[in-house]
Amino acid sequence: MTLLGRLAYVGLAKEATQGTWLAPTYYLPCTKLDFEPVYAQLQDVSYRNNDSNLQGLYQGPGDSIVDLEFNAYPDSIGYALRIIGPDTVTPGVTTTLSSSTIAGATSISTAATIPVGSTIMIDTGNKVEYATTGTPTGAGPYTIPITTPAAGLTLAHTSAVAVVSQTTHTFKQNAAVAKPTYSLTQFNSFEAWGYGGCMLSDVTLKVDPKGICTVNAKYTGWIPTVQSATPTFSEPPPFLGWQFAMTNAGATSTRGLSYDIALKRPIDAIHASNGTQQPREVFTGVLDADITYKAIYESDTDYNLYLQALQNNPTSMTLTQPVGAGVDAGGASLAITTTQGGWSKAKVDVSGTYVVADFDVNGIYNATDTGSVQAVLKNFVVSAY
């Protein structure tokens, strides 16, 4: 019978051994999911006293190409940021409420202390909300002031519910650490196919204040095999474009109109003397970090970075979700920084209603980033990506 395409889904798991497929540990809601096994086609075009060119066609070595697009969910984006390098985790605090709270409460009581300025998640399910904390007092239970929202908590919560502060994930380049490989699983509405040994080659993050931030991730991996999986989806809200803040030339800018960063590593599925059609390994090379940035042109601040070839002003894009309760409250944040950026292109466009400038910025190796770029993701995922 004809099958409904919307029943398709994608799962992933970080592998222990490249090419050894693992059942999904995470299911990724995608807006684009292209999976393609690719075999070299070996042609026999020998002369055989006939007037056909092709005398035989044989299946050569194979690998796979995967192209995914998804909204920039704070729980998901860490998997894509691993193209930069390893994930250094600074864990948050996991505790519980020592007593019940009411809507409008400007403090909570917890079993463990929580550092001042923490973003916390209180409760679960439809009772979840987010807040920023003040200076704790007490010796257990601890009194934790709520500084944001200014009016206090939005919801009431019962004693013993979970209170969790953010975990910080810092992604920096490190050539001494092996790049991760993933088992990707695609259910195509008929059966599930497992694509083992997948490595990231391209990641693009697109930020536009008028829309949802999106991520495109491309992989190369093993020839797939039929597998089985049962999906479960649980996602916080994605980062939204209006949460975008830009810092360049040493100061915060409100001129930013869009920001796209493309992270790329050359990739090769190496077919060697392993006696199979599968790759011996998939291998990636060095990182390029290229930014396309559009801004309102009402100041020379951005333009002079190009005209004067200035490279000592860090460029940082941040996305910060609101705290409180509601469909867009998630409490997470993402900061992507090129501490040494080369402004390689600048063009002023006067064809629209208002003047816009287009810029290309390229990340340059520097000691602060220990590479061309670094990313800091704060969310409520406690394990490393």
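# Pockets, cavities and backbone quirks

The second largest cavity here takes up about 60 Å³. This is a predicted model, and the protein it shows has 2 helices and 28 strands. Its C-alpha trace spans about 90 × 55 × 45 Å along the principal axes, and 47% of the 385 residues count as buried. Below is a quick tour of the empty spaces, then the surface, then some backbone spots worth a look.

**The second largest cavity**

- Ten names to click on, if you want to see the walls: Ile77, Ala80, Leu81, Val203, Thr204, Leu205, Val215, Ile261, Leu263 and Ile336 line the second largest cavity.
- Which elements give two or more residues to that lining? They are helix H1 (77–81), strand E15 (192–207) and strand E20 (256–264).
- By class, the lining of the second largest cavity comes out as 9 nonpolar residues and 1 polar one, with no charged residues.

**The largest cavity**

- How many cavities of 30 Å³ or more does the structure hold? The count is 2.
- The largest cavity encloses about 70 Å³ of space.
- Its lining consists of Arg82, Ile83, Lys179, Pro180, Tyr182, Met199, Leu200, Arg265 and Thr284.
- Sorted by class, the lining of the largest cavity has 5 nonpolar, 1 polar and 3 charged residues, whereas the lining of the second largest cavity has no charged residues.

**The largest pocket**

- If you're after open space, the largest pocket has a volume of about 490 Å³.
- A set of 26 residues lines the largest pocket, and Asp75, Met121, Ser234, Pro236 and Phe380 are the ones nearest its centre.
- What is the make-up of that lining by class? For the largest pocket, the split is 17 nonpolar, 7 polar and 2 charged residues.

**The second largest pocket**

- The second largest pocket comes in at about 360 Å³.
- It is lined by 20 residues, with Ala175, Lys179, Arg265, Thr284 and Gly285 closest to the centre.
- Strand E22 (residues 281–284) makes the largest contribution to the lining of the second largest pocket, with 4 residues.
- The class split for the second largest pocket is 8 nonpolar, 9 polar and 3 charged residues.
- Some names come up twice: Lys179, Arg265 and Thr284 are among the residues closest to the centre of the second largest pocket, and they also line the largest cavity.

**On the surface**

- Met1, Leu3 and Phe190 make up a nonpolar surface patch of about 440 Å².
- Leu3, one of the patch members, lies in the segment before strand E1 (9–14).
- Is Leu3 buried or exposed? Neither, quite: Leu3 counts as partly exposed because its relative accessible area is 41%.
- Asp208 sits in the loop between E15 and strand E16 (214–221), and with a relative accessible area of 29% Asp208 is likewise partly exposed.
- Asp208 and Gln243 are 35 residues apart along the chain, and their C-alpha atoms are separated by 9.5 Å.

**Cis peptide bonds**

- Gly140 and Pro141 are joined by a cis peptide bond, with omega at about 5°.
- Pro141 has its place in the loop between strand E10 (137–138) and strand E11 (142–148).
- Another cis peptide bond links Thr148 and Pro149, and here omega is about 0°.
- You'll find Pro149 in the loop between E11 and strand E12 (162–165).

**Positive phi outside glycine**

- Ala160 isn't a glycine, yet it has a positive phi of about 80°.
- Ala160 lies in the loop between E11 and E12, the loop that also holds Pro149.
- Why does Ala160 count as exposed? Because its relative accessibility is 52%, and exposed means over 50%.
- Ser189 also has a positive phi, of about 80°, although it is not a glycine.
- Ser189 is in the loop between strand E14 (182–187) and E15.
- Buried or exposed, for Ser189? Ser189 counts as buried because its relative accessibility is 9%, and the cut-off for buried is under 20%.

Note on methods: Residues are numbered from 1 along each chain as its sequence is written. This is a predicted model: local features need pLDDT of at least 70, side-chain atom pairs count only at pLDDT 80 or more; totals for chains, interfaces and linings use all residues. Side-chain values use heavy atoms; hydrogens and water are left out. On a 1 Å grid over the protein atoms alone, a cavity is a set of points where a 1.4 Å probe fits but cannot get out, and a pocket is an open set with protein on both sides within 12 Å along at least five of seven lines; lining residues have an atom within 4 Å of a point. Grid points are joined across faces, edges and corners, and a volume is the space filled by probe spheres set on the points. Ala, Val, Leu, Ile, Met, Phe, Trp, Tyr, Cys and Pro count as nonpolar, Asp, Glu, Lys and Arg as charged, and the others, Gly among them, as polar. Patches are made of residues with over 30% relative accessible area and no salt bridge: like charges are joined within 9 Å, nonpolar side chains (Val, Leu, Ile, Met, Phe, Trp, Tyr) within 5 Å. Accessible areas come from the Shrake-Rupley method with a 1.4 Å probe; for residues, only the protein chains shown count as cover. A salt bridge is a side-chain nitrogen of Lys or Arg within 4 Å of a carboxyl oxygen of Asp or Glu. Buried means under 20% relative accessible area, exposed over 50%, partly exposed in between (1.4 Å probe, protein chains only).
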